[in-house]
Amino acid sequence: MGVDVAVTGLTKSFGKQLIWKDVSLTLPAGEVSVMLGPSGTGKSVFLKALIGLIKPDEGSIVIEGTDIASCSEKELYEIRKLFGVLFQDGAMFGSMNLYDNVAFPLREHTRKGESEIRDIVMEKMDLVGLLGAEMKLPGEISGGMRKRAGLARALVLDPEILLIDEPDSGLDPVRTSFINQLFIDLNAQIDATFLIVTHDIHSVRIVPDNIGLLYHKHLAMYGPREMLLSSDTPVVRQFLNAQTVGPIGMSEEKDADQLAAEKDMDLPPIPPIPLQLEPSNGIPRRSQREPGAWCRENGVTPPKGSFTKEAEHASGSSQS
Ligand SMILES: Nc1ncnc2c1ncn2[C@@H]1O[C@H](COP(=O)(O)OP(=O)(O)OP(=O)(O)O)[C@@H](O)[C@H]1O
Ligand SMILES: [Mg+2]
């Protein structure tokens, strides 16, 4: 259950515009990974490349021995059945009600009868808090509801790999917490490999096993959560702590003068690393490691106060 996704040397341009170059990472089977990056750095393009909707110029994406970047259309059709995808815009069919939208992959890819389809659709609608809204059209509901309907649709085929593009944009903070908990519960239940794109720093601190950061046309860092949350690499530290001081400017990078002016500024200390969010039924996450294990193994002193209940609150999350 759950499969590795091995990306090597991935490069993509649109015409003359290079989006990213030489991206290599492995999404470990059954683990939750998050991809971050300033707007426009190609996170959505990366997700689309992973399911073969966008062809990279170079590199490979290997899933169960098949390279998505070079396989035949027929192989791609088969391998896509492993995926559940929530696109950034929800990508709902505007003329179909939510029920038919969510049922669509089941009708398209399985031979299930309508009564079985109904059970699955209603179960997933319930999971995302949309029971009662089945008959509404996508244009008649709020942006956050559309996101949740898209999530229900991404789940109906019990995917091995879930790609989720900004589940929390347009969601209120309470629903964001519920969705985060839902991801962790689902991960414990179906053991799928997750890749979530988000800008929500609180979620990033407690949800994933691994974090990646796309910046300036490359993958600046990718690794275990504790590695990035304790990192003092300027761009990682700036992004994860939502600071204005650092290499990222309002539009692309800062120039040399701006960076020189910042050189002697004191940065706020790196906040404590919170405990990971746990499945709500009290069982450990499948990929759970002892808090602080990565730091210990790598000789890194975690920020003061890490891995305590207080650290959770210091990082602004109140999930417990
Ligand atoms: N099909 C396409 N053809 C040409 N350019 C594209 C296409 N899709 C995306 N781009 C360009 O690729 C760049 C990266 O876009 P992408 O949507 O992946 O950014 P993003 O990191 O997801 O940003 P955001 O955080 O705002 O969602 C943008 O400059 C965008 O205009
Ligand atoms: Mg995007």
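Reader: Between which two elements is D158 found in the loop?

Author: D158 sits in the loop that joins α5 to β7, the latter covering residues 161–165. Please keep in mind from the outset that this is a predicted model.

Reader: What is the phi of D158, and what sign does the value have?

Author: The phi of D158 is near 45°, which is a positive value in a residue other than glycine.

Reader: And why does D158 count as partly exposed?

Author: The idea is to count neighbours: a residue with 20 or more other C-beta atoms within 10 Å is buried, one with 12 or fewer is exposed, and the rest are partly exposed. D158 has 13 C-beta neighbours inside 10 Å, and therefore counts as partly exposed.

Reader: Where is A242, and is this residue buried or exposed?

Author: A242 is placed in the loop between α9 (234–240) and α10 (256–262), and its phi is positive, about 50°, although the residue is not a glycine. A242 is exposed, because 8 other C-beta atoms lie within 10 Å.

Reader: How should I read a loop residue such as A133, which lies between α4 and α5?

Author: It helps to take the position, the neighbour count and the contacts in turn. A133 lies in the loop from α4 (114–127) to α5 (143–155), and because it has 17 C-beta neighbours inside 10 Å, A133 counts as partly exposed. Leaving aside residues up to four places away in sequence, A133 touches L98, I141 and M145. As for distance, F93 is 40 residues from A133 along the chain, and their C-alpha atoms are separated by 15 Å.

Reader: Which residues of helix α3 are buried, and against what do they pack?

Author: In helix α3, residues 98–109, the buried residues are L98, Y99, N101, V102, A103, P105 and L106. These buried residues of α3 pack against α4 and α5.

Reader: Turning to the sheets, what is the order of the strands in the open sheet of four?

Author: A sheet is read strand by strand, from one edge to the other. Here the order is β2-β1-β4-β5, and the pairing is antiparallel. The edges are β2 (17–27) and β5 (66–67), each of which pairs on one side only. Helix α1 packs on this sheet, where it touches β1 (5–14), β2 and β4, and its direction makes about 120° with that of β1.

Reader: How many bridges join the strands β1 and β4?

Author: Four bridges join β1 to β4, and the two run antiparallel; V7 stands opposite I61 in β4. Strand β4, residues 58–63, also pairs with β5 in the antiparallel sense, over two bridges, and V62 has D67 in β5 as its bridge partner. The hairpin of β4 and β5 has two residues between the strands, and E64 takes a positive phi near 45° there.

Reader: What should I expect of the side chains along a regular strand?

Author: In a regular strand, the side chains alternate between the two faces of the sheet.

Reader: Which strands are at the edge of the open sheet of six, and what is their order?

Author: The order is β6-β7-β8-β3-β9-β10, with mixed pairing. At the edges are β6 (83–86) and β10, each pairing on one side only. From one strand to the next, the twist averages 15°. Helix α5 packs on this sheet and touches β6 and β7, its direction making about 175° with that of β6.

Reader: In which sense do β9 and β10 pair, and why is β10 largely enclosed?

Author: Strand β9 (residues 210–215) pairs with β10 in the antiparallel sense over six bridges, with P224 in β10 as the bridge partner of N210. Two residues separate the strands of this hairpin, and H216 in the turn has a positive phi of about 55°. Five of the seven residues of β10 (218–224) are buried, so the strand is largely enclosed by the rest of the structure. By contrast in sense, β3 (residues 32–36) and β9 run parallel, joined by four bridges, and V34 has I211 in β9 as its bridge partner.

Reader: Which residues surround ligand 1?

Author: A shell can be read by its members, by the elements they come from and by their class. Ligand 1 is surrounded by F14, I19, G37, S39, G40, T41, G42, K43, S44, V45 and Q88. Helix α1 (residues 43–50) gives the most to this shell, with three residues, and by class the shell has three nonpolar, seven polar and one charged residues.

Reader: Finally, what is the mean pLDDT of the chain?

Author: The mean pLDDT is 89, and 96% of the residues reach 70 or more. Over residues 316–320, however, the pLDDT is below 50, and this stretch has 12 contacts in the model beyond near neighbours in sequence.

Terms used
Residues are numbered from 1 along each chain as its sequence is written. Chains are lettered from A and ligands numbered from 1 in the order in which they are written. This is a predicted model: local features need pLDDT of at least 70, side-chain atom pairs count only at pLDDT 80 or more; totals for chains, interfaces and linings use all residues. A residue is near a molecule or strand if its C-beta atom, placed from the backbone, lies within 6 Å of it. Ala, Val, Leu, Ile, Met, Phe, Trp, Tyr, Cys and Pro count as nonpolar, Asp, Glu, Lys and Arg as charged, and the others, Gly among them, as polar. Two strands pair if DSSP finds at least two bridges between them. Two residues are in contact if their C-beta atoms, placed from the backbone, lie within 7 Å. Axes are lines fitted to C-alpha atoms, for helices over the stretch in contact, and angles run from 0 to 180 degrees between N-to-C directions. pLDDT is the predictor's confidence in each residue, from 0 to 100.
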